[in-house]
Structure formats: structure tokens, C-alpha cells
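Trainee: I'd like to learn how to read salt bridges, helix packing and sheets in a model. Could you walk me through them?

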Amino acid sequence: MNIHVYRDLSKANWQEMKDVYESVGWTKHSKEIIQQVFEASNVIAIAVYNGRIVGFGRALSDGVFNAAIYDVVVHRDFQGHGIGKTIIEDLLEQLKHVSCVHLIATTGKEEFYQKAGLKKLKTAMARYRNFDLAREYLEEDR
């Protein structure tokens, strides 16, 4: 499968990107929100196959000390072909000079990111405003 990864928004098609999100069950993202979060991200990887966006990922970084990877998503119909691996490798390559790269994995996808060289944190903390996300991702108070 001949995939080309773009590191800018020159090939962005907000409807195609919305379709990718929706294919994996992420249905709350409007085209406007998708555009907003990608335009605010300074590290981008958009995977294109035969002129169609089939996956993407993004990150925010200060370029030196810290970065956070978000929204590594591959269209359901194209999963299992190494596209996600290509996207995460491209993002990590773009962030190779950054001291620490963070990522919060979707539940059940931890092994995928571990294979890419990421490890679980001992001291990670987060706050979620959405109750369902808080219940899924945060540890219970002790």
C-alpha cells in the first residue's frame, strides 16, 4: 500500500478527516472543531492513499522539552495495513529532538504505542471535564 504522509495542512480535507473520525466511533467532532485543533497543532501527519485521507495524527510541542501527541486515527477500512505505525513513526521523527513526548492512548490501544517505543508513566495526572472520559481514563480516588 503506497501511503504518502504530509506534514502540513496542504492536503487537509475537513470532511474526509471527519469521516475518518466517525469510522472509529468518534462522532462528536464537527468539521470546524477538526479544523481548529489541527490548525492549532504545530506537528502534523496526514496519511493519504490514492488521493484520499485515510489517517492522521497531530502534536503540540515547545520544540525542546515537551510534546503531546493527539488523535492518531486510521479509518476503520484501512486499519491493519501499517498506516497507524507510519503516522506515529512520522510524528516521533518530527519530535526526535524533544526531551519528553506524552500521549494518552485510547483504552485498548496501549500495546500499539508500546510497540512504537512509548512506555507507561509512573506519575501521569489528568483532569477531564467530561464525566464519561473521567470514568474511563482516571484512577479512582483512594
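Mentor: Gladly. Keep in mind that this is a predicted model. Let's begin with the charged side chains.

Trainee: What is the general idea there, and how many salt bridges does a search of the whole structure find?

Mentor: Side chains of opposite charge can pair when their charged atoms come close. Here, searching the whole structure turns up eight salt bridges. One of them joins the side chains of K18 and E22, at 2.3 Å from N to O.

Trainee: Where do K18 and E22 lie?

Mentor: Both sit in helix α1, which covers residues 14–23. They are four residues apart, about one turn of the helix.

Trainee: And is K18 buried or exposed?

Mentor: Its relative accessible area is 17%, and buried means under 20%, so K18 counts as buried. Its partner E22 is partly exposed, at 32%.

Trainee: Which residue forms a salt bridge with K85?

Mentor: That is E89, with the closest N and O atoms 3.9 Å apart. The cut-off is 4 Å, so the pair counts as a salt bridge. K85 and E89 are both in helix α3 (residues 83–94), again four residues apart and about one turn of the helix. Both ends are partly exposed: K85 has 49% relative accessibility, and E89 has 43%.

Trainee: What about K96: which side chain does it meet in a salt bridge?

Mentor: K96 meets E93, at 2.8 Å from N to O. E93 is partly exposed, with 39% relative accessibility.

Trainee: Let's turn to helix packing. How should I describe it?

Mentor: Two packed helices are described by the angle between their axes and the distance between the axes. In this model, α1 packs with helix α2 (residues 31–39) at an angle of about 100°, and their axes are 9 Å apart. An angle from 65 to 115 degrees counts as roughly perpendicular, so that is the term for α1 and α2.

Trainee: Which residues meet across α1 and α2?

Mentor: From α1 come W14, Q15, M17, K18 and Y21, and from α2 come K31, I34, Q35, F38 and E39. By class, this contact has five nonpolar, two polar and three charged residues. You'll recognise K18 from the salt bridge with E22.

Trainee: Now the sheet. What holds strands together, and what is the strand order here?

Mentor: Strands of a sheet pair through backbone hydrogen bonds, either parallel or antiparallel. Here, five strands make an open sheet in the order β1-β2-β3-β4-β5, with mixed pairing. β1 (4–6) and β5 (100–103) have a single partner strand each, so they stand at the edges, with one side of each left without a neighbour in the sheet. On average, neighbouring strands are turned by 25° against each other, direction ignored.

Trainee: How many bridges join β2 to β3, and how do these strands run?

Mentor: Seven bridges link β2 (residues 43–49) with β3 (residues 52–61), and the two run antiparallel. A45 stands opposite G57 in β3. The two strands form a hairpin with two residues between them, and N50 in the turn has a positive phi of about 50°.

Trainee: And on the β1 side of β2?

Mentor: Three bridges join β1 to β2, and this pair is antiparallel. Follow I46 across the sheet: Y6 stands opposite I46 in β2, and I46 in turn stands opposite F56 in β3.

Trainee: Why is β2 described as largely enclosed by the rest of the structure?

Mentor: Because six of its seven residues are buried.

Note on methods:
Residues are numbered from 1 along each chain as its sequence is written. This is a predicted model: local features need pLDDT of at least 70, side-chain atom pairs count only at pLDDT 80 or more; totals for chains, interfaces and linings use all residues. Side-chain values use heavy atoms; hydrogens and water are left out. Buried means under 20% relative accessible area, exposed over 50%, partly exposed in between (1.4 Å probe, protein chains only). Axes are lines fitted to C-alpha atoms, for helices over the stretch in contact, and angles run from 0 to 180 degrees between N-to-C directions. Angles under 35 degrees count as roughly parallel, over 145 as roughly antiparallel, 65 to 115 as roughly perpendicular and the rest as oblique. Contact means heavy atoms within 4.5 Å. Ala, Val, Leu, Ile, Met, Phe, Trp, Tyr, Cys and Pro count as nonpolar, Asp, Glu, Lys and Arg as charged, and the others, Gly among them, as polar. Two strands pair if DSSP finds at least two bridges between them.
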